[in-house]
Amino acid sequence: MTDVAGFNTRIIEEFRRNHGKVGGPFEGAPLLLLHTIGARSGRHRINPMMYLPDGGAYLVFASKAGADTNPDWYWNLRARPEARIEVGDRELDVRAAELRGAERDEKYRVQAERYPGFAEYQRKTDRVIPVIALVPAISG
């Protein structure tokens with residue numbers, strides 16, 4: 001197991017044990033678990049990530065800690081925008097939509113003000129870090 005995979009596994013286990021709350025670098029931050037299907041592998045993937053509530057949507061940021069490439073989960077959502085999230089004890093079906101232009105910039109600015117690490121991630125890379133809205137599916 002790679003260091004990142006081991007870290008994610010520990011966060012996922014703690015998240016589920018504590019009804020969506022974790023300690024360490026995510027302590028006190030809004031966290032969700034994103035379930036995707038691998039764009040190339042077709043395998044189920046789970047990624048813990050911080051989010052910004054936005055009305056009924058959950059905004060996530062493809063920062064990859066400021067790396068020069070987008071994270072795999074971003075490409076998974078581009079290939080299959082229907083996904084599932086865990087927030088606290090709830091599971092929701094969602095559809096991913098990438099924000100663009102001024103709307104993207106404003107939402108990223110808000111996240112970077114709340115969590116300055118995101119401002120640092122943008123400074124570390126030349127790419128524009130994608131902002132993805134995870135919009136809950138309407139049940140009925």
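How many of the 140 residues of the protein count as buried? The share is 44%. Keep in mind while looking around that this is a predicted model.

**View 1. The whole protein, from one end of the chain to the other.**
Start with the parts: the protein has four helices and seven strands. Reading from the N terminus, they come in the order α-β-β-β-β-α-β-β-α-α-β. The C-alpha trace spans about 35 × 35 × 30 Å along its principal axes. A compact globule with 140 residues would have a radius of gyration near 14 Å, and the protein has 14 Å, so the two agree. Now for who touches whom: among contacts with a separation of 6 or more, 60% are between residues 24 or more positions apart. On the outside, the protein exposes about 8100 Å², and 50% of that comes from carbon and sulfur atoms.

**View 2. The sheet, strand by strand.**
Here all seven strands line up in an open sheet, ordered β2-β1-β5-β6-β7-β4-β3, with antiparallel pairing. At the edges sit β2 (44-50) and β3 (52-54), each of which pairs on one side only. Neighbouring strands are turned against each other by 35 degrees on average, direction ignored. As background, strands of a sheet pair through backbone hydrogen bonds, either parallel or antiparallel.

**View 3. Zooming in on β3 and its partner.**
Strand β3 pairs with β4 (residues 57-61) in the antiparallel sense, over three bridges. To find your way, look for L52: it stands opposite L59 in β4.

**View 4. Helix α2 lying across the sheet strands.**
Which strands does helix α2 (residues 72-79) lie across? They are β1 (31-37), β2, β4, β5 (82-87), β6 (90-99) and β7 (131-136). Relative to β1, helix α2 runs at about 55 degrees.

**View 5. The largest nonpolar core.**
This core has 20 residues, and L31, L59, F61 and Y108 have the most contacts inside it. Two or more residues each come from α1 (3-17), β1, β4, α3 (101-114) and β7. So L59 turns up again: besides facing L52, L59 is one of the residues with the most contacts in this core.

**View 6. A closer look at Y108, then over to the second core.**
Leaving aside residues up to four places away in sequence, Y108 touches F61, F118, Y121, Q122, I129 and V131. One of these partners, F61, is itself among the residues with the most contacts in the largest core. Elsewhere there is a second, separate core of 18 residues, including Y58, V87, V94 and L134.

Definitions and conventions:
Residues numbered from 1 in each chain as written. Predicted model: local features only at pLDDT ≥ 70, side-chain atom pairs only at ≥ 80, totals over all residues. Heavy atoms only, no water. Pairing = 2+ DSSP bridges. Axes fitted to C-alpha atoms, helices over the stretch in contact; angles between N-to-C directions. Contact = heavy atoms within 4.5 Å. Rg over C-alpha atoms; globule rule 2.2 N^0.38 Å. Buried < 20%, exposed > 50% of the residue type's maximum accessible area, 1.4 Å probe, protein only. Areas by Shrake-Rupley, 256 points an atom, 1.4 Å probe, with all protein chains shown as cover. Core = buried A, V, L, I, M, F, W, Y, C linked by side-chain atoms within 4.5 Å.
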